[in-house]
Each structure stands twice: as structure tokens, then as C-alpha cells.
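The following exercises concern a single protein chain and are to be solved with its sequence and structure in view. Each task is followed by a worked solution.

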Amino acid sequence: MMRALKASSENTLTAYRADVLDFISFLTLHHAEPQGLAPLKRVATSDMRSWMAHLRAGGAGSRSVARKLSAVKSFYRWLAEREGFEPTAVLLTRAPKFQNKLPRPLSEEAARKLIDTVDIQSSEPWINARDVAVVTLLYGCGLRISEALGLTGRDLPVGETLRILGKGNKERIVPVIPVARRAVDTYVAQCPYDIGHNEPVFRGKRGGPLNPRMISKVIQQARMQLGLPSSATPHAMRHSFATHLLSAGGDLRSIQELLGHASLSTTQAYTAVDQARLLQVYEASHPKAQG
């Protein structure tokens, strides 16, 4: 079943697997019987309602319940095709409605200050250079943290573009702005470890692959010093990249390609962010809005 979701990332597969196993565990307790193929085929609308009520009682929000239901539906589509039955009760179950959370980007000034502040968090210059290089790639190229830390020696020296392997093993070509190239070059020149062709570019203090938690930690330290909100995370740098591009006149299709979004609808969230920002400016500056 997991292989049937081959377009999904490894993290998504892990989450789907856990959600399906939790669903089967619930059915086992709910019916007080082992869950083989026959009981799974008999799942009724009442079972689905009981399961979702169970999730709610356990503190799961609408978004979480919807994700779990999506996993269970994917499992049942695969199972039904394999075993030849109609999983009507499962597939007709409606997910709870929820409002998509809008990305919370930083302002351009805050993004610059955050990168500058990241540069003074460690007493070891090469570690500061490393952290600046990673965060600059997130903001300057719109990379996910896993994509930045996935760079290897074969990507060096960084040129005007990078070939990025993103979610679902989807490749994309990302332009690299000069400041990001310089940041990586500065780090590589100071890194005390040899970076082989197949070895990670970004290293931890002892030479192993850099743990993404270390970047989260250094950004947390920097944002606290600057008084920025808790939403200022590594992923917020990617959001900021997209929002600032849109504000500068970038079109959605191009931004979709740069971010590696499979669906344009994911990228369209940034139009709402930009509109919300424009409304704030309008309300703060327009004479009639203030009256």
C-alpha cells in the first residue's frame, strides 16, 4: 500500500502508515475482535463516526482528523482494488471542515536581521558561517530545510542554479542568488571537514550530517534576541521567499516551480498572505480607513 503512494515523501508515508495502524487498532478495540480482511470489509458508517469521535475526544483537531481520514481512505482504495469490494462507507465519510492556516512570513527587514543575528550565535566562526549559509539558502532560494541539508559535495561549487530533489523525488532547478553562493563558499572555505563528492555539505560539530534541529535552535535563539514571534522558523524563511517574490511581481506558476509545489493551489495560499498584507497597509495609511 505504501508503494502505491510512491509520489509521497518518506515523512508522508510514515505518517500514513501510523494513521492506518491507529485506525485498525481502534476497530480492534471497538469491536473487541481481531481485524482481518473480513472485518475490514464490514466497516460501516457508524464505525467511521465512532472513530472520528474517538479522535476528537483524544484532542485531535479538524486538520488532524482530516489527514487521518485521508490516510484511511487511501488504504481502503488500495485494499478494495486488491480484494475486489466496495468501501462505500469509508470513501463517503466526510472530512471535518477547517480553515487553512496562512503562511506567516517575515518582513524583508526582519529576514535580513535574522540572518545577521544567526551569524553571531556561536563562538566558532565556521559554525556561524554554516548556519548563515543554510538560512540564506532557505530565504534566498526557497528551499525546504531537508533540501538544503541534502546538498552534497557534487553540488559544489554552487553555481547559478541548483538541481534540487524535493518531495516525492521530484526534481526542480532553482536559481541561486549571488549572496547565497557567497554564503556557501564562505562556509566551505572555513569548514574543518573534507566534503567528498557523495558527502553532505553541511556538517555537525563532530563532522556528521547536520541535524535540522540545530538550525531550528539557532533560529530560535536569534528570533528571541530580535523579539520576533515564534512563527519565525526555518520554514518561515521559505514562506518569506515566496511572499516577497509575489510582492515583487512574480507570477504564481513561476513561484510554484521554484518551491516545488505539486499543486498550484498550495502556492495560491501566498496570494491570500499578500492580500492580507496589502489590507493592513491600506487600513494603516488610508485616511478614510482611519476615519
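**Exercise 1. A loop residue**

In which loop is Ala-32 found?

Solution. The model is a predicted one, in which local features need pLDDT of at least 70, side-chain atom pairs count only at pLDDT 80 or more, and totals for chains, interfaces and linings use all residues. Residues are numbered from 1 along each chain as its sequence is written, and side-chain values use heavy atoms, with hydrogens and water left out.

Step 1. Ala-32 belongs to the loop between helix 1 (10-31) and helix 2 (37-41); helices (H or I, at least four residues) and strands (E, at least two) are DSSP runs, numbered from the N terminus.

Step 2. The phi angle of Ala-32 is near 55 degrees, a positive value in a residue other than glycine.

Step 3. With a relative accessible area of 70%, Ala-32 is exposed. The classes are buried (under 20% relative accessible area), exposed (over 50%) and partly exposed (in between), for a 1.4 Å probe and protein chains only.

**Exercise 2. The chain as a whole**

State how many helices and strands the protein chain has, and describe its burial and surface.

Solution. Step 1. The chain contains 15 helices and 2 strands.

Step 2. Of its 291 residues, 42% are buried.

Step 3. The exposed area is about 16,400 Å², of which carbon and sulfur atoms supply 52%; accessible areas come from the Shrake-Rupley method with a 1.4 Å probe, and for residues only the protein chains shown count as cover.

Step 4. For contacts (heavy atoms within 4.5 Å) between residues at least 6 apart in sequence, 59% join residues at least 24 apart.

**Exercise 3. The strand pair**

Determine in which sense strand 1 and strand 2 pair, and which side chains of strand 1 are buried.

Solution. Step 1. Strand 1 pairs with strand 2 (residues 171-175) in the antiparallel sense, over 5 bridges; pairing requires that DSSP finds at least two bridges between the strands.

Step 2. Side chains alternate along strand 1 (residues 161-165): Leu-162 and Ile-164 point to one face and are buried, whereas Thr-161, Arg-163 and Leu-165 point to the other and are not.

Step 3. Opposite Ile-164, in strand 2, stands Arg-172.

Step 4. The loop between helix 8 and strand 1 holds Pro-157. The peptide bond from Leu-156 to Pro-157 is cis, with omega near -15 degrees.

**Exercise 4. The nonpolar cores**

Identify the elements that supply the largest nonpolar core, and the one that gives the most to it.

Solution. Step 1. The largest nonpolar core has 41 residues, and Leu-137, Leu-143, Tyr-187, Phe-202 and Met-237 have the most contacts inside it. Such a core is a set of buried Ala, Val, Leu, Ile, Met, Phe, Trp, Tyr and Cys residues joined through side-chain atoms within 4.5 Å.

Step 2. At least two residues of this core come from each of helix 6 (108-118), helix 7 (125-141), helix 8 (145-149), strand 1, helix 9 (178-190), helix 10 (212-226) and helix 11 (234-247).

Step 3. Helix 7 gives the most to this core, with 11 residues.

Step 4. Apart from this core lies another of 23 residues, among them Phe-26, Met-52, Leu-55 and Val-90.

Step 5. Beyond its neighbours within four places in sequence, Leu-143 is in contact with Leu-137, Leu-138, Ala-148, Ile-164, Arg-172, Val-174 and Arg-238.

**Exercise 5. Aromatic rings**

How many aromatic pairs does the structure hold?

Solution. Step 1. There are 7 aromatic pairs. Rings of Phe, Tyr and Trp (its six-membered ring) pair if their centres lie within 6.5 Å; planes under 30 degrees apart count as stacked, over 60 as edge-to-face and the rest as tilted.

Step 2. Phe-75 and Tyr-76 form an edge-to-face pair, 5.5 Å centre to centre with 85 degrees between the planes. Both residues are buried.

Step 3. Tyr-187 and Phe-202 form a stacked pair, 5.1 Å centre to centre with 25 degrees between the planes. Tyr-187 lies in helix 9 and Phe-202 in the loop between helix 9 and helix 10, so the pair ties together parts that are 15 residues apart in sequence.

Step 4. Ring pairs also link Phe-23, Trp-51, Phe-75, Tyr-76, Trp-78 and Phe-85 into a cluster.

**Exercise 6. A residue in helix 3**

Is Met-48 buried or exposed?

Solution. Step 1. Met-48 has its place in helix 3 (residues 45-57).

Step 2. Met-48 is buried, with a relative accessible area of 0%.

Step 3. Not counting residues up to four places away in sequence, Met-48 touches Phe-23, Val-43, Leu-69, Val-72, Ala-89, Val-90 and Thr-93.
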